[in-house]
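Here's a quick walk through the model, starting with overall fold numbers and ending with a couple of odd backbone angles.

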Amino acid sequence: MSIIPPESNHHSVILGKDQPMPLDCGAMLSDISVSYNTYGTLNEAKTNAILICHAMTGDQYAASKQPTTGKEGWWTSMIGPGKVLDTDKYFLVCSNVLGGCMGTTGPKDIDPKTGESYGLKFPMITIADMVRTQALLQDYLEIPDWFSVVGGSMGGMQVLQWASAYSERCFSAIPIATAAKHSAQNIAFHEVGRQAVMADPDWQGGNYYNSDRVPRAGLAVARMAAHVTYLSETALHRKFGRNLQDRDNLTYGFDADFQVESYLRYQGINFVDRFDANSYLYITRAMDYFDLASDHGGSLPKAFEGSKTRFCLVSFSSDWLFPTSQSKEVVRALNAAAANVSFVNIETDKGHDAFLLDTPEMLQTMGGFLESTAKIRGIA
Amino acid sequence: MMIKTSRPRPQDIRVDFKLIAQMIKPGSRVLDVGCASGTLLSYLVETNNVDGRGIELSQTGVNECVAKGLSVIQGDADKDLIDYPDRGFDYAILSQTLQATHRPKEVIEQLLRVGKKAIVSFPNFAHWRCRAYLAFKGRMPVTSSLDYDWYETPNIHFCTLLDFTALCAELDIKIEKSVIIDANGRVLKTQSLGKRANFFGMQCVFQLSL
């Protein structure tokens with residue numbers, strides 16, 4: 001394994017210039033700015049392109065320094081020369097999702113109609129809209145089909161949407177720690193986060209872009225609540241237990257006495273520097289609306305009917321946000337649709353976050369799947 | 001299923017696999033339940049050009065299969081067959097796994113629901129060596145092909161050839177084909193599934209339908 005970060009290229013492109021893109025909500029969006037990173041080189045036959053779909057609060061800096069935080073990319077364990085997503089072998093594309101805040105059109109951008117930031121005037125977007133935008137990018141890059149579409153969590157939802165809507169344009173699909181619909185529990189957690197943002201007076205009905213106040217506190221609380229759902233109880237306990245933060249005794253106050261509190265506050269505060277509160281509202285909503293079966297008359301197998309895509313699903317035993325049962329539901333549907341599907345449930349106590357961590361079993365499964373699929377595809 | 005079972009010696013496995021392969025029409029859709037590291041499934045893909053799928057309990061097994069380009073899901077013969085649609089496969093195979101299932105009867109019924117035909121292979125516990133071992137040593141048989149002590153064997157539901165045929169009769173399952181192999185990996189000449197086969201047969205391979 002190399003520790004040298006892969007060469008990356010950051011690009012931005014305006015898509016939908018000639019033809020506006022229809023959204024699920026009925027609105028049309030034109031001149032969509034899409035920012036993306038690429039790693040590796042597209043081969044002559046254009047058969048080695050992999051689309052990486054980022055999670056809810058991820059971005060296109062999958063394996064390069066995030067410009068705001070200066071931190072390494074969120075999937076550096078996965079991407080690089082000789083790694084599972086081998087930049088010597090594949091051409092990787094990772095774009096910021098529609099509604100995002102890292103360069104792809106979202107609520108903080110200027111509405112050409114008003115000359116001001118969209119704020120809540122930004123149209124409601126869905127996972128399918130995100131995927132439509134990525135399909136425009138695929139056209140722009142002149143890639144006939146992805147060798148694979150890969151992603152975890154919300155990224156996994158995009159993978160499933162890709163495989164359902166554009167089966168012929170993805171040779172293989174790796175949905176990780178995800179589901180074909182957002183559960184009531186997940187919608188509930190998202191609603192808590194959104195209400196935290198909207199309860200912050202600095203949110204100002206979403207029109208905070210021209211003021212000197214942004215809803216930092218609300219967004220931080222939203223992040224803190226969400227962060228708990230990414231970890232398992234065991235992982236939280238192992239990491240923090242009831243350990244006290246930089247003190248020997250309880251203070252009998254509301255300071256962060258416990259390490260776990262201090263950790264969550266840190267997570268919350270760091271997040272607000274790199275994420276737009278309105279983007280958070282829109283993207284969480286997009287996830288809530290995701291229900292692949294209901295888009296196909298209530299039948300999930302129908303979503304994958306006739307699919308030639310090769311699937312490899314991965315779930316984690318301690319993930320309670322996207323539990324194994326939800327991956328199994330997808331596997332069941334794929335089997336019913338006679339699709340090519342492999343599935344592994346990885347025993348780990350790391351919770352939902354396991355897909356972002358260096359989880360050897362996940363790397364082995366994905367590595368084996370990609371290598372054998374590459375052979376079938378004839379990629380050396 | 002994890003096949004830490006009464007694994008026959010390598011030469012016997014090949015006989016077993018060959019016999020299964022001979023039963024399967026080329027180009028069929030096949031589900032191998034308890035496919036371990038995918039040896040049989042790869043063999044069937046190669047020799048019979050089948051459209052193959054597998055279920056395997058152990059993660060290492062699944063990973064090995066996936067690395068071979070096989071489509072295999074992590075699951076349990078006892079619990080997960082229920083998730084497959086009716087008659088989605090031409091053949092559902094249960095090779096050397098029956099004796100390790102918790103509910104063999106239900107598993108066989110499920111095989112014949114998801115597959116138009118089922119192929120089941122298992123070691124015959126009434127083989128004369130097992131009988132002799134029990135008769136003369138008075139201990140649970142531990143042989144080269146059944147090499148576990150009673151307290152740690154994953155093989156919890158051993159049956160004999162006659163037990164199996166009796167169960168098929170009870171469930172109205174048609175035995176379409178059967179091949180019985182002796183201790184030397186040779187196919188028994190006798191075609192009848194009687195006491196003689198039950199005495200000399202070490203491995204049994206059955207093709208079943210409803």
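Two residues are in contact if their C-beta atoms, placed from the backbone, lie within 7 Å. With that in hand, for chain B of this predicted model, residues 24 or more positions apart account for 67% of the contacts with a separation of 6 or more.

What about secondary structure and overall dimensions? Chain B carries eight helices and seven strands, and its C-alpha trace spans about 45 × 35 × 30 Å along the principal axes. The radius of gyration of chain B is 16 Å, which agrees with a compact globule, because one with 210 residues would be near 17 Å. As for burial, 48% of the 210 residues of chain B count as buried.

Two residues of chain B are worth a look for their backbone angles. Neither A36(B) nor Q96(B) is a glycine, yet each has a positive phi.

| Residue | Phi | Loop in chain B | C-beta atoms within 10 Å |
|---|---|---|---|
| A36(B) | about 50° | between β1 (29-33) and α2 (39-48) | 27 others |
| Q96(B) | near 60° | between β4 (89-95) and α5 (104-114) | 25 neighbours |

Buried or exposed: which is A36(B)? A36(B) counts as buried because 27 other C-beta atoms lie within 10 Å, and the cut-off is 20 or more. Q96(B) is buried too, with 25 neighbours.

Now over to chain A. Its domain assignment gives domain 1 (8-182 + 291-377) and domain 2 (186-285), and their C-alpha centres lie 26 Å apart. Between them, 27 residues of domain 1 are in contact with 22 residues of domain 2. The domain 1 side has 10 nonpolar, 13 polar and four charged residues.

Definitions and conventions: Residues numbered from 1 in each chain as written. Chains lettered and ligands numbered in written order. Predicted model: local features only at pLDDT ≥ 70, side-chain atom pairs only at ≥ 80, totals over all residues. Helix = DSSP H or I, 4+ residues; strand = E, 2+ residues; numbered from the N terminus. Rg over C-alpha atoms; globule rule 2.2 N^0.38 Å. Buried ≥ 20, exposed ≤ 12 C-beta atoms within 10 Å, placed from the backbone. Domains from an automatic or database assignment. Nonpolar A, V, L, I, M, F, W, Y, C, P; charged D, E, K, R; others polar.
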